[in-house]
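Biologist: I am new to this structure. Could you walk me through how to read it?
Modeller: Gladly. Here it is.

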Amino acid sequence: MATPGYIRPNRPRDKDPLGPLEDGQTAIIIGGGPAGSSCAITLKMMGRQLGRDINVIIYEGRKFDDDCIKRVGVLAPPLTQTLEEIIGVPFPCQEVERKVVGYYLHSGDAKIRLHMAGKLSFVGHNVAIDRYLLSKAKELGVRVIPGRIESIKFHPDCVTVESSLKGAKGLKGDVLVGAFGLDAETAYLMENVTPYKSPRAMFSVVTRIPADPEYMKKYEDYLHVFLPTTLEDIEFGVVTPKLTHFFVNVAGPAVTRDSLERFLSLPEVRETLPANISEESDVIVSRPLPIPLEPAQNSFGDRYVTVGDTSGLLRAYKGNGINSACLTGHKAAEVMLRVGISLHALREYHNSFSHIVRDLPYGRAVRQMTVFAEKYGMMPEALRAAAKDRALLDVLIDFLSGTKTYREIVSDAGITKLSVKFLKGLTIST
Ligand SMILES: Cc1cc2nc3c(=O)[nH]c(=O)nc-3n(C[C@H](O)[C@H](O)[C@H](O)COP(=O)(O)OP(=O)(O)OC[C@H]3O[C@@H](n4cnc5c(N)ncnc54)[C@H](O)[C@@H]3O)c2cc1C
């Protein structure tokens with residue numbers, strides 16, 4: 001059934017109006033997060049290399065101020081490489097507050113240390129990367145409009161948008177890029193005028209806990225990941241040290257502030273934090289923030305494409321959201337410049353992330369096994385078994401580092417061999 005408001009463009013016989021973007025054509029991008037900015041930067045830079053000047057307009061409805069909590073701010077590998085070698089901008093070293101050399105994985109009273117062997121992550125301000133990439137886009141001539149898009153219309157030969165800015169005129173573009181994250185209102189707008197369907201999501205609640213800078217200086221450069229055995233609504237929680245505070249976040253299908261409070265009172269979590277945290281007055285807690293669990297449906301079509309979280313094209317449960325946002329933004333721009341802006345042309349964009357789509361069943365199975373092991377108290381024993389076995393330890397490192405797909409991890413390690421080792425570990429330790 002056709003979606004109301006979505007008109008399939010007419011195609012003149014001599015020229016394909018949905019072919020590669022041409023000199024002087026306009027791309028309108030909704031959202032100035034890492035996906036929108038990366039798309040804009042590539043449209044400008046690659047467009048120029050191809051001898052075309054594309055008008056690129058980003059609408060961004062939010063001020064990225066210091067109190068805005070949008071994410072934790074872990075810049076995990078291979079983001080350095082993605083920015084420098086693919087997008088073509090320097091990695092923002094000036095924004096790095098701390099380097100991370102590994103993880104402590106906790107469950108109940110068990111804890112193991114996973115050293116990332118040179119695969120460093122960096123911790124920065126939670127919205128610094130957005131500000132940085134948006135400034136790079138502006139330097140290249142991208143027009144950034146500080147307002148929210150409130151209306152989208154598709155016409156046979158263009159797409160028009162209107163924003164919340166008082167007195168601002170609606171704008172017309174040749175293609176629309178949805179880079180609005182999982183913003184529910186904007187997804188609704190998009191779903192009303194295209195066949196797009198927003199991805200299913202889980203949620204995370206984040207808090208920022210101030211700490212004495214001297215205490216933070218002595219704190220090890222490790223993230224603490226918790227797989228709680230007693231809190232059913234929490235799939236995992238993370239304590240991330242920064243320069244002057246900790247970020248603590250919990251994730252699950254329906255986590256709330258209350259879940260976070262209960263998480264903070266777990267003895268193993270208290271041990272990783274300073275003793276007097278509850279007395280601090282300027283603790284900020286976010287509302288539940290969505291994280292996509294799977295790809296969106298109809299995430300591209302004639303004259304529109306979605307990127308980053310909006311597309312859901314990211315490795316499930318791996319937490320490399322910023323890197324995926326940059327990669328999808330870049331690839332969508334490349335396909336619009338080289339192949340076209342039709343449903344058919346944009347399939348090439350989607351297909352280049354097929355390894356992510358194929359990995360979903362594996363990711364889902366790993367998630368279900370983890371939730372099961374947490375619920376039935378098997379996770380602490382699994383961690384103790386891994387502490388004694390290098391192969392199991394390597395598997396955990398691969399799961400956390402996010403450099404391999406779940407499918408690769410499972411086939412490299414040999415699932416039968418792994419299960420036997422894990423079961424042996426359980427029998428020895430019980
Ligand atoms: C709690 C939490 C912690 C996380 N921590 C990390 C982490 O440490 N490291 C990591 O790599 N990833 C992390 N992620 C994931 C990461 O934040 C996302 O994957 C990434 O931000 C996706 O980028 P994006 O550009 O697709 O969307 P977003 O970053 O969500 O950007 C979308 C932008 O669109 C704007 N927008 C929406 N609607 C409109 C509209 N109608 N008009 C104009 N503008 C609009 C929004 O204001 C927003 O700025 C975390 C996610 C959560 C929820």
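**Reading helix H9 and beyond**

Modeller: Start with one helix in this predicted model. Helix H9 spans residues 343-351, and its buried residues are Ala345, Leu346, Tyr349 and His350.

Biologist: Where do the buried residues sit around the axis of H9?

Modeller: Look at the arc they cover. It is only 155° around the axis, which puts them on the same side of H9. The face turned away from that buried side carries the exposed residues His344 and Asn351.

Biologist: What do the buried residues of H9 pack against?

Modeller: Strand S19 (300-301), strand S20 (304-306) and H8.

Biologist: What about the loop between H8 and H9? Is Gly340 buried or exposed?

Modeller: Count C-beta neighbours inside 10 Å; 20 or more make a residue buried. Gly340 has 20, so Gly340 counts as buried. Gly340 lies in the loop between H8 and H9.

Biologist: Which residues does Gly340 touch, leaving out those up to four places away in sequence?

Modeller: Asp16, Leu18, Gly19, Pro20 and Ala345. Take Leu18. Leu18 and Gly340 are 322 residues apart along the chain, yet their C-alpha atoms are separated by 5.7 Å. Ala345 is also one of the buried residues of H9.

Biologist: How do I read backbone angles?

Modeller: Begin with the general rule. Most residues other than glycine have a negative phi, and most peptide bonds are trans. Then look for exceptions. Asn298 is not a glycine, but its phi is positive, about 45°. Arg303 also has a positive phi, near 70°.

Biologist: Where are Asn298 and Arg303?

Modeller: Both are in loops. Asn298 lies between S18 and S19. Arg303 is found between S19 and S20.

Biologist: How many C-beta neighbours do Asn298 and Arg303 have inside 10 Å?

Modeller: Asn298 has 15, so Asn298 counts as partly exposed. Arg303 has 26 and therefore counts as buried.

Biologist: Which peptide bond is cis?

Modeller: The one from Pro77 to Pro78, with omega near 5°. Pro78 is in the loop between strand S3 (74-75) and helix H2 (79-87).

Biologist: Now zoom out. How many helices and strands does the protein have?

Modeller: There are 14 helices and 20 strands. For overall shape, compare the radius of gyration with that of a compact globule. For 430 residues such a globule would be near 22 Å, and the protein has 23 Å, which agrees. Buried residues make up 43% of the 430.

Biologist: Into which domains is the protein divided?

Modeller: Domain 1 is 26-73 + 126-199 + 293-356, domain 2 is 97-124 + 201-290, and domain 3 is 378-429. The C-alpha centres of domain 1 and domain 2 lie 30 Å apart. Where these two meet, 9 residues of domain 1 are in contact with 13 residues of domain 2. On the domain 1 side, the touching residues divide into 7 nonpolar, 1 polar and 1 charged.

Biologist: Where does the ligand lie?

Modeller: Ask which domains supply its shell. Domain 1 and domain 2 both give residues to the shell, so the ligand lies between them.

Biologist: Which residues come nearest to the ligand?

Modeller: Of the 36 around the ligand, Gly31, Gly33, Gly181, Gly308 and Gly321 come nearest. The elements giving two or more residues to the shell are helix H1 (34-49), strand S13 (201-210), strand S18 (289-292) and helix H8 (321-338). By class, the shell has 15 nonpolar, 15 polar and 6 charged residues.

Notes: Residues numbered from 1 in each chain as written. Predicted model: local features only at pLDDT ≥ 70, side-chain atom pairs only at ≥ 80, totals over all residues. Near = placed C-beta within 6 Å. Helix = DSSP H or I, 4+ residues; strand = E, 2+ residues; numbered from the N terminus. Nonpolar A, V, L, I, M, F, W, Y, C, P; charged D, E, K, R; others polar. Domains from an automatic or database assignment. Rg over C-alpha atoms; globule rule 2.2 N^0.38 Å. Buried ≥ 20, exposed ≤ 12 C-beta atoms within 10 Å, placed from the backbone. Contact = placed C-beta atoms within 7 Å. Arc of directions from axis to C-beta.
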